[in-house]
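Me: Walk me through this model, please. I would like short answers on its sheet and its helix packing.

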Amino acid sequence: MIDKHISRVLGLLGQDDTLRVLAGLVLRPGEPLDKVTGLDPDVVGKALDRLERGGLAVRDEDGWRARPETFRDLLRTIPSAPADPMDAFLVDGRLVSIPSKRAKRLMVLDYIAQVFEIGVRYPEKEVDVALRAFHDDYAALRRYLVDEGFLTREANVYWRSGGTV
């Protein structure tokens, strides 16, 4: 049941005219929607009817208004996704700390190794720049990646040699 409602709402937002009308309701409430959107009044009327059927707009004594609470209601009904195990280690894409337990460190190293393309050789400076984006101690990360077989090093050139694809 909820899947149909989500599909209906997304379908409405995927139509240029209904999206423009909804944006007009949100951004310029009370103004004539044909002027705000640049659409023909008949097109605006049909879009408003579709938005009303989808629960995104409602007509009251003051005219039309958007119903943003529909989005909140949809979010409440969607089962929450399982937490990403990397969330425990990353904040805004950066490592909080390098895990001391090997199993957790391997998971983090596998994640980091995926920034390196298979078959591409990287000079040490490029590896350092990529790793610095994850943690200030990029040398430790580089060493762990080599020691655990995610990267291979030869003459200051590195390439990905392990990890998930």
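The questions and replies below cover ground rules, the sheet and a helix pair.

Me: What kind of model is this?
Reply: Residues are numbered from 1 along each chain as its sequence is written, and side-chain values use heavy atoms, with hydrogens and water left out. Local features need pLDDT of at least 70, side-chain atom pairs count only at pLDDT 80 or more, totals for chains, interfaces and linings use all residues, and the model is predicted.

Me: In which order do the 3 strands of the open sheet lie?
Reply: Strands are DSSP runs (E, at least two residues; helices are H or I, at least four), numbered from the N terminus. Two strands pair if DSSP finds at least two bridges between them. Strand 5 (121-123) and strand 6 (151-154) are the edges, each pairing on one side only. The pairing is antiparallel, and the order is 5-7-6.

Me: Which residue stands opposite Arg 153?
Reply: Strand 6 pairs with strand 7 (residues 157-160) in the antiparallel sense over 4 bridges. Opposite Arg 153, in strand 7, stands Tyr 158.

Me: Is helix 6 roughly parallel or roughly perpendicular to helix 8?
Reply: Axes are lines fitted to C-alpha atoms, for helices over the stretch in contact (heavy atoms within 4.5 Å), and angles run from 0 to 180 degrees between N-to-C directions. Helix 6 (residues 102-113) and helix 8 (residues 138-147) pack at about 100 degrees, axes 10 Å apart. Angles under 35 degrees count as roughly parallel, over 145 as roughly antiparallel, 65 to 115 as roughly perpendicular and the rest as oblique. Helix 6 is therefore roughly perpendicular to helix 8.

Me: Which residues of helix 8 make the contact with helix 6?
Reply: Helix 6 contributes Arg 105, Leu 109, Ile 112 and Ala 113. From helix 8 come Leu 141, Tyr 144 and Leu 145.
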